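Reader: Could you walk me through this structure, one piece at a time? I would like to see how the helices and strands fit together.

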Amino acid sequence: MGHAIEVVDLTKQFNGLTAVDHIDLQVHEGEIFGFLGPNGAGKTTTIRMLTGVIKPTGGTARIFGYDIQKEPLRAKQLMGISPEMANAYVDLSAWQNLIFVGELYGVGKQQRERTAEQMLRHFDLYERRHQKVKSFSRGMMQRVIVAMSLMSLPRMLFLDEPTSGLDVESSRTIHNLVRRFSREGKTVFLTTHNIEEANQLCDRVAIINKGEIAAIDTPERLKRTIRGSQSVEVSFDRYVDIENELGLAGIQRIERRGDKLRLYTEVPGKVACELADYAKKAGLDIVTINTLGPSLEDVFLELTREAERK
Amino acid sequence: MTPGSMEVPGQFRRSLVIAKKDIYIYFFKGPVLIFGILFPLFLFLAFSIGRDLPMEFLVPGIVGMTVFFTATSVGPVIAPWETRMKTLERLVSAPVSLSTILVGDMIASFVFGMLISMVPLSVGIFLLGGEIASPIAMIVGIPLATFCFSAFGILLSSPPTDTPANVMMLSTFIKFPLIFISGIFISVGDLPTWARYASFLSPLTYFVDIARHSVDGTNFFPWYLDLLALLIFSVLFYFGAVAYHKRSLPKRL
């Protein structure tokens, strides 16, 4: 399997501040690669360097073997991009926006019209294709933007926060599209704040913090690197001030999450049994109880906190 | 062959695609209509009404002013507007060079300038009874001047702002004085010496000179020198625009 992206020693400084600090990474052809990090970690700066929007201060990035600095047009021809900060042309209709991008990438007339129709149908926008985008909701606009990124039938898709602020249905439509795109053997580079989204979609993820790559691996392998993040999640039929009442041994911390409580422990089975005993004694019904392994969110928090401590 | 692996088609064709988008979006924007059509019209009316000036003097002036204002009205709107609406990043991330984008914007300005300037030209020819001393000079001069002023407009749009009004203000600040020293209201030969020398630095001077030559056969410079000057200004403006936009682009994104 070849590399869709090869990044070596990539660095970006703005007025002496290092936004991206000598990062190295490879993205395999055909994989969905997640790029996670807190706000200001360097995600968008990295994606902008990879897509040739801004020049790196140092290092190289190759897209399917083409150096983005030396052969930007050839590299860009192979990518579809849905930038976080970009917009569709609000004075054009959805159809005109898609056709414009198709023309910009040199796609033939029949092909671009066929692709535009497919995309608009897929994103449930076909009926409103001739309306100006300025009349669209945020979710519809985002669907147009993602559809625009697919107009050139790219080998690789860069999606920068594609589902940020979207409703569940729009997010699901985009997730389905990413999966379908990947099944066709194409590559997706996805930046997201939504860790569960990365967990569900990505073959591998990189976690970037303060411009440095903190970890790159599959979500499941990353989860295994975290110790002591097993937990029991329980929901009772009424509110319980369990933090004060329970007094169980072996609990590292308790978090209240809506109507559920999450108890972090190294012995989840024992804690589950003790919770059942507690419920019986207190006359409570257990609505749900689950034992949980470490989540990708735990990994993310652990790695970013570790960097804070340094 | 999939589109992803196809040879990169000519960048000029992509400039035409960008120009078509610009025409759809920007030709009817308020600032374009105000600075491109209403402004020169009212300026000319303020100058000509109540004054007994011969048509042979007025027609080259209005044609010159229209070509200048229309061709420089679209370009300054596009870059700040695209910055504000956050559409610039999409263009920059597409397989097009910065020059391709700027040439596309110039083509749109050129089309607008050519279309609108046909109106005063046609009216002028009608008022002159269809008699023009050198139509060839006008036929060559108008497209060349429109091209030159379009490049000038693109150069004016290079400051890294997302507010079209800022660029329009700067643009007016530079364009307005040029109107008074370029032989529109007073012939270059009648200007005071300092103003005459200053007029040599204005590209509009050379087009108005061509227009006068073509209408009544009078001219300050030889017509071929006017054309050469417009050509040189075009090259300077174009390469200046590319250089300044290259510098300001990172601040826009």
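Author: Happy to! This is a predicted model. Let's begin with helix 10 (residues 268-282) of chain A, which lies across strand 11, strand 12, strand 13 and strand 14 of chain A.

Reader: At about what angle does helix 10 of chain A run to strand 11 of chain A?

Author: Helix 10 of chain A crosses four strands, and strand 11 of chain A is one of them. Taking the direction of that strand as the reference, the helix runs at about 20°.

Reader: Which strands stand at the edges of the open sheet with the order 12-13-11-14 in chain A?

Author: This open sheet has four strands and antiparallel pairing. Within the sheet, four bridges join strand 11 (residues 231-236) to strand 13 (residues 260-265) of chain A, and A:Val232 has A:Leu263 as its bridge partner. An edge strand has a single partner, so one of its sides is left without a neighbour in the sheet; in chain A that describes strand 12 (251-257) and strand 14 (286-292).

Reader: Chain A also has an open sheet of six strands; in what order do they come?

Author: The pairing in this sheet is mixed. For instance, strand 3 (residues 32-36) and strand 9 of chain A run parallel, joined by four bridges, whereas strand 9 and strand 10 (residues 212-217) of chain A pair in the antiparallel sense over five bridges. The full order in chain A is 6-7-8-3-9-10.

Reader: Which residue in the turn between strand 9 and strand 10 of chain A has a positive phi?

Author: Strand 9 and strand 10 of chain A form a hairpin, with two residues between them. A:Asn209 in strand 9 has A:Glu212 in strand 10 as its bridge partner. In the turn, the residue with a positive phi, about 50°, is A:Lys210.

Reader: What is the bridge partner of A:Leu36 in strand 9 of chain A?

Author: A:Leu36 can be followed to two strands. It stands opposite A:Thr192 in strand 8 of chain A, and five bridges join strand 8 (residues 187-192) to strand 3 in parallel. In strand 9 of chain A, its bridge partner is A:Ile207.

Reader: Is helix 5 (residues 138-149) of chain A largely enclosed or left open by the rest of the structure?

Author: The buried residues of this helix include A:Met140, A:Val144 and A:Ile145. What covers the buried residues includes strand 6 (79-82), helix 3 (94-104) and helix 6 (168-183) of chain A. Since nine of the 12 residues of helix 5 of chain A are buried, the helix is largely enclosed.

Reader: How far apart are the end C-alpha atoms of helix 4 of chain A?

Author: The helix has 14 residues. At 1.5 Å a residue, it should span 20 Å, and the model agrees: the end C-alpha atoms are apart by 20 Å.

Reader: Within what arc do the buried residues of helix 4 of chain A fall?

Author: The buried residues are A:Arg112, A:Thr115, A:Ala116, A:Met119 and A:Leu120. An α-helix has 3.6 residues a turn, so residues three or four places apart point the same way. Seen down the axis of helix 4 of chain A, the buried residues line one face, because they fall within an arc of 130°.

Reader: Which exposed residues does the face of helix 4 of chain A turned away from its buried side carry?

Author: On the buried side, helix 3 and helix 5 of chain A are among what covers the helix. The face turned away from that side carries the exposed residues A:Gln110 and A:Arg121.

Note on methods: Residues are numbered from 1 along each chain as its sequence is written. Chains are lettered from A and ligands numbered from 1 in the order in which they are written. This is a predicted model: local features need pLDDT of at least 70, side-chain atom pairs count only at pLDDT 80 or more; totals for chains, interfaces and linings use all residues. A residue is buried if 20 or more other C-beta atoms lie within 10 Å of its own, exposed if 12 or fewer, and partly exposed in between; C-beta atoms are placed from the backbone. Two residues are in contact if their C-beta atoms, placed from the backbone, lie within 7 Å. Two strands pair if DSSP finds at least two bridges between them. Axes are lines fitted to C-alpha atoms, for helices over the stretch in contact, and angles run from 0 to 180 degrees between N-to-C directions. The expected span of a helix is 1.5 Å times one less than its number of residues. The arc is that of the directions from the helix axis to the C-beta atoms.
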